[in-house]
Amino acid sequence: MRRPIGAGPWPTLIFLHGHQEGPRMGGGVFVGWGVLDQAAERGYLAVAVSQPSYGRSTGKADFCGPFTQQAVRAVISKLRADGYVSPRKLVIVGTSRGALVAGLVAAQDSSVSGVVLISGLLDLRDLGEEAKASEMKRAVLDAVVAETGGGDEALRARSVMSFAGDIKAPTLILNGGKDDRTDADQARQLADEINRKGGDARAIIYPDLGHQIPVEIRSRDIDPFVEEILGK
């Protein structure tokens with residue numbers, strides 16, 4: 001966590017990481033990238049949350065399921081209870097796995113002010129068929145099965161697309177056109193579905209990029225979105 005100069009409460013950014021191989025640093029990756037310091041310099045309370053089984057967090061991974069979602073909600077509740085968060089001034093930024101968690105938490109918590117979904121596999125229900133065409137999607141499917149059992153209800157419950165109508169916070173969805181793990185069409189479809197059901201969403205596709213969208217590139221679109229919601 002990085003706090004801005006001055007007394008709180010502050011407009012707040014919550015960062016959720018994706019899957020990590022090898023050393024699972026969890027939310028610590030955002031410290032290494034300098035993301036938290038940059039956010040604090042702009043006047044935001046910046047908090048990186050480690051999902052269960054990542055970083056120093058405890059508990060078993062459930063692939064963005066109820067346990068992971070509750071862990072994130074618990075952090076947000078604690079920040080609010082401690083008086084750190086300005087009312088109606090909280091944006092969640094999730095990458096890859098973190099994008100699924102961010103979208104699902106936003107669907108449950110109407111006090112979330114905005115959500116950014118980066119390189120997320122937003123509808124897991126078709127993953128079995130898609131995995132035949134991509135080695136990386138097969139690896140994702142294997143992880144889903146290992147952590148959840150892979151039943152139809154488990155996939156539906158972890159699909160942001162299933163809850164598009166419940167996301168009322170402004171939503172920015174970013175995806176690489178050459179992503180081998182996710183589907184740019186899903187990003188467009190989720191934005192369309194959120195808007196169709198009365199929400200406010202926009203999808204941006206980077207046609208020449210893959211799963212990893214460099215921070216300096218995505219920040220050009222994320223920063224104005226965040227500033228519009230939280231203020232400079």
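## Close-up views of a predicted model

**View 1. The buried residues of helix α6 are K137, V140, L141 and V144.** This is a predicted model. Seen down the axis of α6, these buried residues fall within an arc of 100°, so they line one face of the helix. The face turned away from that buried side carries the exposed residues E135 and A146. Helix α6 runs over residues 135-148, which makes 14 residues. From first C-alpha to last, α6 reaches 20 Å. That is close to the 20 Å expected at 1.5 Å a residue. Just after α6 comes G149, with a positive phi of about 95°.

**View 2. The largest nonpolar core has 44 residues.** Among these, I14, L16, I92, L117 and L190 touch the most other members. Several elements give two or more residues to this core: β1 (10-16), β2 (45-49), α3 (66-81), β3 (85-95), α4 (97-108), β4 (114-118), α6 and α8 (184-196). Helix α4 gives the most, with 8 residues. Another core lies apart from this one. That other core has 24 residues, among them L36, L209, I222 and F225.

**View 3. I92 and the residues it touches.** Leave out residues up to four places away in sequence. I92 then touches I14, L16 and I76. I92 also touches A102, V105 and V112. G114, V115 and V116 complete the list. I14 and L16 appear again here: like I92, they are among the core residues that touch the most other members.

**View 4. Strand β5 is mostly covered.** The strand spans residues 171-176, and 6 of its 6 residues are buried. T171, I173 and N175 point one way from β5. L172, L174 and G176 point the other way. Both sets are buried.

**View 5. Strand β5 pairs with β4 and with β6.** β4 and β5 pair in the parallel sense over 4 bridges. Look for I118, whose bridge partner in β5 is L174. β5 also pairs with strand β6 (residues 201-206), again in the parallel sense, over 6 bridges. Here T171 stands opposite A201 in β6.

**View 6. R196 lies in helix α8.** Is R196 buried or exposed? R196 has a relative accessible area of 61%, and exposed means over 50%, so R196 is exposed. The side chain of R196 makes a polar contact with the side chain of E193, at 2.8 Å. Y54 is 142 residues from R196 in sequence. In space, R196 and Y54 are 36 Å apart, C-alpha to C-alpha.

Key: Residues are numbered from 1 along each chain as its sequence is written. This is a predicted model: local features need pLDDT of at least 70, side-chain atom pairs count only at pLDDT 80 or more; totals for chains, interfaces and linings use all residues. Side-chain values use heavy atoms; hydrogens and water are left out. The expected span of a helix is 1.5 Å times one less than its number of residues. Buried means under 20% relative accessible area, exposed over 50%, partly exposed in between (1.4 Å probe, protein chains only). The arc is that of the directions from the helix axis to the C-beta atoms. A nonpolar core is a set of buried Ala, Val, Leu, Ile, Met, Phe, Trp, Tyr and Cys residues joined through side-chain atoms within 4.5 Å. Contact means heavy atoms within 4.5 Å. A polar contact is a pair of N or O atoms within 3.5 Å; within protein, one must be able to donate a hydrogen and the other to accept it, and residues adjacent in sequence count only if both atoms are side-chain atoms. Two strands pair if DSSP finds at least two bridges between them.
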